[in-house]
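Welcome! Here are a few short exercises to work through with the sequence and the 3D view side by side. Try each task yourself before reading the solution below it.

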Amino acid sequence: MKSLRALLAALATLCALSLSSCTYFGVNAPPIPPIGTQVTWPPANFSEVRGYCYDYTAEEERSFFVNGRMHNG
């Protein structure tokens, strides 16, 4: 039991040390580029933005293309 605790402590220490050097891109991360930066992309104005959701559970096969056709999801 002591060796298991020692192993877990060593793993926790290793994780803590390695995570401190990682760049964080998740929730509450600072925006990239910073607010106020002049962005020149896209080069033309647009009036509509569309988003799509891919439901990989709609078929047993998870590939986007199934036998030459698009997945039902």
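**Exercise 1. Confidence**

What pLDDT does the protein chain average?

Solution. Start by keeping in mind that this is a predicted model. The chain averages a pLDDT of 78, and 82% of the residues score at least 70. Next, go element by element: α1 has the lowest mean pLDDT among the elements, at 72, while β2 has the highest, at 82. As a reading rule, predicted coordinates should not be read in detail where pLDDT is low.

**Exercise 2. The overall layout**

Find the secondary structure elements of the protein chain and put them in order, starting at the N terminus.

Solution. Count first: there are one helix and two strands. Then follow the chain from the N terminus, and the order reads α-β-β. The helix α1 covers 2-19 and the strand β1 covers 65-66, while β2 is 69-70. Now turn to the surface. The chain has 73 residues, of which 4% count as buried. About 7,300 Å² is exposed, and carbon and sulfur atoms supply 62% of that area.

**Exercise 3. A histidine in the segment after β2**

Decide whether histidine 71 is buried or exposed, and list what surrounds it.

Solution. First locate the residue: histidine 71 sits in the segment after β2. Its relative accessibility is 5%, and buried means under 20%, so histidine 71 counts as buried. Next, look at its neighbours, setting aside residues up to four places away in sequence. Histidine 71 touches Tyr54, Asp55, Tyr56, Ala58, Glu59, Glu61, Arg62, Ser63, Phe64 and Val66. Finally, zoom in on the polar atoms: a polar atom of the histidine 71 side chain lies 2.7 Å from the backbone oxygen of glutamate 61.

**Exercise 4. Following glutamate 59**

Which residue forms a salt bridge with glutamate 59, and where do the two partners lie?

Solution. Side chains of opposite charge can pair when their charged atoms come close. Here the partner is arginine 69, and the closest N and O atoms of the pair are 3.0 Å apart. This pair links distant parts of the chain: glutamate 59 is in the loop between α1 and β1, arginine 69 is in strand β2, and they are 10 residues apart.

Now compare the accessibility of each partner with the cut-offs. Glutamate 59 has 16% relative accessibility; this is under 20%, so glutamate 59 counts as buried. Arginine 69 has 38%, which means that arginine 69 is partly exposed.

One more step completes the picture. The side chain of glutamate 59 also makes a polar contact with the side chain of asparagine 72, at 2.9 Å. Leaving aside neighbours within four places in sequence, glutamate 59 is in contact with Val66, Arg69, His71 and Asn72.

**Exercise 5. Completing the salt bridge count**

How many salt bridges are there, and which residue pairs with arginine 50?

Solution. The count comes to two salt bridges. Arginine 50 pairs with glutamate 48, with the closest N and O atoms 3.0 Å apart. Arginine 50 has a relative accessible area of 59%, so arginine 50 is exposed.

**Exercise 6. A nonpolar patch**

Which residues make the nonpolar surface patch of about 530 Å²?

Solution. Colour Tyr54, Tyr56, Phe64, Phe65 and Met70 to see the patch. Then take one member as an example. Tyrosine 56 is in the loop between α1 and β1, and its relative accessible area of 40% makes this residue partly exposed.

**Exercise 7. Backbone geometry**

Where is the cis peptide bond, and which residue other than glycine has a positive phi?

Solution. Begin with the general background: most residues other than glycine have a negative phi, and most peptide bonds are trans. The cis bond joins tryptophan 41 and proline 42, with omega about -5 degrees. Proline 42 lies in the loop between α1 and β1. The positive phi belongs to asparagine 67, with a value near 50 degrees. Asparagine 67 is in the loop between β1 and β2, and its relative accessibility of 81% means that asparagine 67 counts as exposed.

Conventions:
Residues are numbered from 1 along each chain as its sequence is written. This is a predicted model: local features need pLDDT of at least 70, side-chain atom pairs count only at pLDDT 80 or more; totals for chains, interfaces and linings use all residues. Side-chain values use heavy atoms; hydrogens and water are left out. Helices (H or I, at least four residues) and strands (E, at least two) are DSSP runs, numbered from the N terminus. Buried means under 20% relative accessible area, exposed over 50%, partly exposed in between (1.4 Å probe, protein chains only). A polar contact is a pair of N or O atoms within 3.5 Å; within protein, one must be able to donate a hydrogen and the other to accept it, and residues adjacent in sequence count only if both atoms are side-chain atoms. Contact means heavy atoms within 4.5 Å. Patches are made of residues with over 30% relative accessible area and no salt bridge: like charges are joined within 9 Å, nonpolar side chains (Val, Leu, Ile, Met, Phe, Trp, Tyr) within 5 Å. Accessible areas come from the Shrake-Rupley method with a 1.4 Å probe; for residues, only the protein chains shown count as cover. A salt bridge is a side-chain nitrogen of Lys or Arg within 4 Å of a carboxyl oxygen of Asp or Glu. pLDDT is the predictor's confidence in each residue, from 0 to 100.
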